[in-house]
Amino acid sequence: MYLDPDVSQTVKILIVGHFGVGKTTCIGSLSEIEPLRTEEEITEASEGFDDLSGTPHKKTTTVAMDFGRLTLSDSLVLYLFGTPGQERFKEMWEELSRGALGALVLVDPERLHESFPVLDLVESFGLTYAIGVNHFEGNTDYPLDEVREALNLSADTPVVKCDVRDEGSSAPALITLVQHLMTQLG
């Protein structure tokens with residue numbers, strides 16, 4: 001896809017990752033509009049389905065999707081779609097991936113093993129992606145090359161650190177994805 005600077009373009013981007021990695025928070029920090037959120041309280045019904053051990057204080061979860069919008073320039077608007085993190089919502093991912101140009105894959109370096117099913121889905125949908133290594137307070141700050149190696153990523157897959165709570169940190173991660181898309185599609 002060629003992005004003509006004289007023509008307004010809208011681009012669909014997915015914000016994906018495993019359960020509790022910060023997708024909803026990321027869209028909230030980036031969106032110029034009030035984000036659409038489909039969060040519900042976590043109840044006893046999720047016991048046996050959702051592993052809360054990595055997120056013991058999590059009280060809500062996305063049950064359909066999140067949506068936000070970010071205007072990068074007069075000619076480029078991003079529509080941000082956040083996916084649910086649980087495996088049982090895989091069909092929702094398939095629907096949301098239709099028409100998407102790429103994905104920002106958020107990972108928690110303390111729970112990298114939970115990222116492999118996410119990467120498998122993103123790759124099965126043929127999406128170009130970048131990795132955002134979300135920082136969680138009190139966790140080890142792993143070097144990005146170690147994260148790349150642990151995830152078995154190709155050398156051309158961008159891997160950047162971010163704190164999804166902070167627009168000044170999550171925006172560069174998203175821009176890294178957009179730049180990667182432009183080089184892949186240009």
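A helix here is a DSSP run of H or I at least four residues long, numbered from the N terminus. By that count, Gln179 sits in helix H5, which covers residues 167–185. Keep in mind that this is a predicted model. Here's a quick tour, starting with the whole chain and then moving on to the cysteines and H5.

**The chain as a whole**

- You're looking at five helices and seven strands.
- Reading from the N terminus, the order of elements goes β-α-β-β-β-α-β-α-β-α-β-α.
- The chain has 186 residues, and 49% of them are buried.
- Take the contacts between residues at least 6 apart in sequence: 73% of these join residues at least 24 apart.
- The accessible surface adds up to about 9,500 Å², and carbon and sulfur atoms account for 50% of that.

**The cysteines**

- How many disulfides does the structure hold? The count is zero.
- Cys26 is in no disulfide, and the nearest cysteine sulfur to it belongs to Cys162, 6.3 Å away.
- Why is there no bond from Cys162? Its closest cysteine sulfur, in Cys26, is 6.3 Å off, which is too far for a bond, because a disulfide needs the two sulfur atoms within 2.5 Å.
- Are these two cysteines buried or exposed? Cys26 counts as buried because its relative accessibility is 1%, and Cys162 is buried too, with a relative accessible area of 4%.

**Helix H5**

- H5 has 19 residues and runs 26 Å from its first C-alpha to its last. That's close to the 27 Å expected at 1.5 Å a residue.
- What caps the N-terminal end of H5? Asp166 does the job, with a side-chain oxygen 3.1 Å from the backbone nitrogen of Gly168.
- The buried residues of H5 include Ser169, Ser170, Ala171, Ala173 and Leu174. Further along, Thr176, Leu177, Val178, His180 and Leu181 are buried as well.

**Gln179 up close**

- Is Gln179 buried, exposed or partly exposed? With a relative accessible area of 48%, Gln179 is partly exposed, because buried means under 20% and exposed means over 50%.
- On either side of Gln179 in H5, Val178 and His180 are both on the buried list.
- Gln179 and Ala130 are 49 residues apart in sequence, while their C-alpha atoms are 9.9 Å apart in space.

How values were computed:
Residues are numbered from 1 along each chain as its sequence is written. This is a predicted model: local features need pLDDT of at least 70, side-chain atom pairs count only at pLDDT 80 or more; totals for chains, interfaces and linings use all residues. Side-chain values use heavy atoms; hydrogens and water are left out. Helices (H or I, at least four residues) and strands (E, at least two) are DSSP runs, numbered from the N terminus. Buried means under 20% relative accessible area, exposed over 50%, partly exposed in between (1.4 Å probe, protein chains only). Contact means heavy atoms within 4.5 Å. Accessible areas come from the Shrake-Rupley method with a 1.4 Å probe; for residues, only the protein chains shown count as cover. The expected span of a helix is 1.5 Å times one less than its number of residues. A polar contact is a pair of N or O atoms within 3.5 Å; within protein, one must be able to donate a hydrogen and the other to accept it, and residues adjacent in sequence count only if both atoms are side-chain atoms.
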